[in-house]
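This report describes how some helices and strands of one model are arranged against each other.

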Amino acid sequence: MSLDIARDDAPVRRPTSSVQVVALDDSGAHTRPDRLATEEPMEIRVHGPGEPPTPLVVTMRTPGNDFELAAGFCLTEGVIDTPIDIASVAYCLGSEGEQYFNIVTVALRKPVVASLRERRFVSNASCGLCGKTALDDVEVRCAPVADGPVVAAATVFALPERLAASQSVFELTGGLHAAATFTVEGELLTVREDIGRHNALDKVIGDAVLMRRLPLSECVLFVSGRLSFELVQKAAVAGIPILCAVSAPSSLAVKTAQRFGQTLVGFVRDDRGNIYTHPERIELDR
């Protein structure tokens with residue numbers, strides 16, 4: 001059963017913005033219209049029963065699927081333990097004008113404000129960790145993921161093309177990251193785009209939170225950029241056992257995936273890839 005939350009947050013703000021550029025080519029300079037990925041701040045506020053809404057984080061994001069972003073962030077950063085902790089998600093009713101759509105309030109079923117006073121979240125489009133004071137504050141403590149499925153290497157190699165075909169905003173702007181979940185047969189389940197790679201993943205996970213489809217223990221995650229520590233730990237919270245990316249993982253991402261029992265595959269392109277951890281989930285026969 002899905003969470004009883006209105007899912008009308010996607011179309012209220014445009015993910016792209018119009019600009020005029022001077023394009024240079026062999027024939028000279030030409031003025032023409034162009035499209036850019038929209039980047040705007042979004043503040044997430046939380047409160048429990050009888051508590052006032054309290055700011056949790058401000059993140060620079062591409063508008064669209066804002067409720068998913070808020071729900072996913074709350075789960076992956078340990079504000080909630082399960083989807084049933086969320087009572088509602090809504091835009092801030094106390095705001096006016098455009099700012100209305102840049103503040104999202106998450107109402108929880110349990111008191112939360114007191115526990116947040118000692119936690120500081122500052123996020124931007126490039127990193128989900130900025131402003132945290134120590135690695136101990138960053139490390140999400142969760143159990144290792146389940147054994148999960150085995151996926152054919154040929155299926156993994158097909159994921160970049162399938163993801164690219166579903167990146168509608170990237171096609172217009174060339175300026176967004178994407179995260180997507182697939183079945184072990186390579187069928188696309190959920191894809192989200194954002195100017196921040198961690199936001200894109202939080203939106204994917206937030207969709208599962210709001211639809212109550214966690215854990216994502218039978219899914220393969222594919223991201224369009226590099227695999228960083230924060231992506232690995234967010235995926236671990238969601239129970240994702242297999243993570244693949246076009247680019248490289250960081251050393252801490254590999255260490256974290258090893259700890260949580262996740263399979264990490266980087267440099268997936270041109271029918272190639274490097275398996276960094278737990279290769280037993282990748283079927284090598286092609």
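The bridge partner of V265 in strand 13 is I275. Strand 12 (residues 263-269) and strand 13 run antiparallel and are joined by four bridges; two strands count as paired if DSSP finds at least two bridges between them, and strands (E, at least two residues) and helices (H or I, at least four) are DSSP runs numbered from the N terminus. The model is predicted, with pLDDT of at least 70 required for local features and 80 or more for side-chain atom pairs, whereas totals for chains, interfaces and linings use all residues. Residues are numbered from 1 along each chain as its sequence is written, and side-chain values use heavy atoms, without hydrogens and water.

Six strands in the order 9-8-10-11-12-13 make up an open sheet with mixed pairing. Its edge strands, each pairing on one side only, are listed here.

| Edge strand | Residues |
|---|---|
| strand 9 | 188-194 |
| strand 13 | 272-277 |

Direction ignored, neighbouring strands of this sheet are turned by 20° against each other on average. Helix 7 packs on the sheet, where it touches strand 10 (220-223), strand 11 (242-245) and strand 12, and its direction makes about 150° with that of strand 11; contact means heavy atoms within 4.5 Å, and angles run from 0 to 180 degrees between N-to-C directions, with axes fitted to C-alpha atoms, for helices over the stretch in contact.

The axes of helix 1 (residues 66-76) and helix 7 (residues 229-237) cross at roughly 90° and come within 9 Å. The two helices, helix 1 and helix 7, are therefore roughly perpendicular to each other, a term that covers 65 to 115 degrees. F73, L75 and T76 of helix 1 meet Q233, K234 and V237 of helix 7 in this contact.

Notes: Parallel < 35°, antiparallel > 145°, perpendicular 65-115°, else oblique.
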